[in-house]
Amino acid sequence: MRIGVPRETAAGERRVALVPETVARLTKGGHEVVVERGAGQAAGFPDAPYAAAGARLGDAAEALGAELVLKVQRPSLEEAGRLREGALLVSFLAPASSAGALAALAARKVTALAMELVPRITRAQAMDALSSQANLAGYKAVVIGAEALNRILPMMTTAAGTLAPARCFVLGAGVAGLQAIATARRLGAVVSAFDVRPVVKEQVQSLGATFVEVAVQAEGQGGYAKELAEDQQRRVTEAVAKHLVSQDLVVTTAQIPGRPAPRLISAEMVRAMKPGAVIVDLAAESGGNCELTRAGEAVDVGGVLVLGPVNVPSTLAFHASQTYSRNLQALLGHLLDKEGKPKLDLQDEITGAMVVTHAGEIRKK
Ligand code: NAD
């Protein structure tokens with residue numbers, strides 16, 4: 001099968017869908033892989049290793065014209081129009097906010113699979129790109145915060161006296177949050193965390209952090225959070241407000257699938273924080289967990305810095321591409337038969353959950 005890997009064209013996107021390691025496996029398996037020249041450059045993968053892995057280097061038209069096109073970001077309308085009719089496309093597609101792109105893909109009769117929709121089941125864990133990218137984002141959030149802080153994270157005993165460790169509070173202890181906790185702990189901070197799903201308490205504690213207790217229960221389908229009832233939300237707000245005043249670094253990661261990010265930190269709560277404190281809001285792109293977050297900006301509120309970094313995995317493009325590429329490799333292992341031909345079973349638990357356009361129709365919005 002001819003597999004195309006175009007260069008990503010979305011602003012600020014440095015990742016590439018396949019790294020040479022995965023290309024080598026696919027070419028050994030008998031596939032023809034066409035990589036657009038320069039596709040991996042920004043992620044630290046120049047053209048030569050792709051060629052050594054058996055890829056053919058080509059232009060955008062060749063990569064986009066393949067039978068199976070692998071991308072990171074959803075194609076632009078222009079790119080969608082250049083896909084071959086009836087092609088298979090796998091990428092992040094943000095189906096809920098991509099009506100135009102989905103219509104363009106359906107018009108080309110493209111079968112498009114959204115990487116956001118890999119089901120959160122054990123069998124699909126190796127394909128789970130939301131997790132692989134969130135894990136890296138959680139790590140980077142702490143590094144961004146450490147860089148912005150005017151203090152160090154660990155306790156340090158020096159000839160000039162002892163320096164107290166920073167206090168780090170992680171809101172939302174899913175994949176990104178747990179990695180943020182582990183990273184802040186490795187750097188020596190005193191770490192606490194909160195999540196509306198009480199089941200994560202044990203995971204938080206096993207990483208050496210304390211769990212901020214609030215009597216709520218908001219676990220919905222598939223292990224995800226659902227929105228809190230009003231009285232529960234009030235209790236959470238009170239507990240978070242009380243805890244925030246003593247914190248130096250706050251990392252927020254709370255998300256509810258398909259909904260705007262829950263508002264956890266109000267402007268008033270930010271104003272009550274210590275000057276010099278830093279908030280890193282990983283939910284900036286979906287509206288922010290903090291009322292004052294501006295996506296892609298740093299806002300100074302009386303000495304408290306509110307950072308809203310966007311597309312954080314792209315800043316770690318080497319490892320983000322490597323893990324995404326392995327996710328795709330695992331997915332292809334599921335999608336292709338022994339002869340390397342796609343076996344598209346729309347009733348399959350994984351494939352069926354991921355297909356957003358097929359045979360000219362939009363199946364999911
Ligand atoms: P996510 O990115 O949707 O949300 C991040 C975290 O924010 C979640 O832990 C959620 O509970 C929390 N949150 C939501 N509203 C909140 C609020 N008001 N206050 C505080 N926290 C709030 O979730 P995710 O990290 O992608 O994954 C969530 C969970 O899904 C994981 O922890 C795991 O249990 C499950 N999961 C399972 C698999 C698998 O089995 N293959 C893979 C990945 C994740």
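Ala, Val, Leu, Ile, Met, Phe, Trp, Tyr, Cys and Pro count as nonpolar here, Asp, Glu, Lys and Arg as charged, and the others, Gly among them, as polar. By that split, the shell around the ligand has 17 nonpolar, 9 polar and 4 charged residues. Keep in mind that this is a predicted model: local features need pLDDT of at least 70, side-chain atom pairs count only at pLDDT 80 or more, and totals for chains, interfaces and linings use all residues. Numbering starts from 1 along each chain as its sequence is written.

**Overall build**
- The protein has 13 helices and 17 strands, taken as DSSP runs (H or I, at least four residues, for helices; E, at least two, for strands) and numbered from the N terminus.
- Its C-alpha trace spans about 65 × 50 × 35 Å along the principal axes.
- Buried residues (20 or more other C-beta atoms within 10 Å of their own, with C-beta atoms placed from the backbone) make up 46% of the 365 residues.

**Around the ligand**
- Of the 30 residues around the ligand (C-beta atom, placed from the backbone, within 6 Å of it), Gly172, Gly174, Gly223, Ala225 and Ala254 come nearest.
- Two elements, α6 (129-148) and α7 (175-186), give two or more residues each to that shell.

**Helix α5**
- Ala101, Leu102, Ala104, Leu105 and Ala106 are buried in α5 (residues 99-107).
- The buried residues of α5 pack against α4 (77-82), β5 (88-91), β6 (111-114), β16 (355-358) and β17 (361-362), with contact meaning C-beta atoms, placed from the backbone, within 7 Å.
- After α5 comes lysine 109, with a positive phi near 55 degrees.

Methods:
A residue is buried if 20 or more other C-beta atoms lie within 10 Å of its own, exposed if 12 or fewer, and partly exposed in between; C-beta atoms are placed from the backbone. Two residues are in contact if their C-beta atoms, placed from the backbone, lie within 7 Å.
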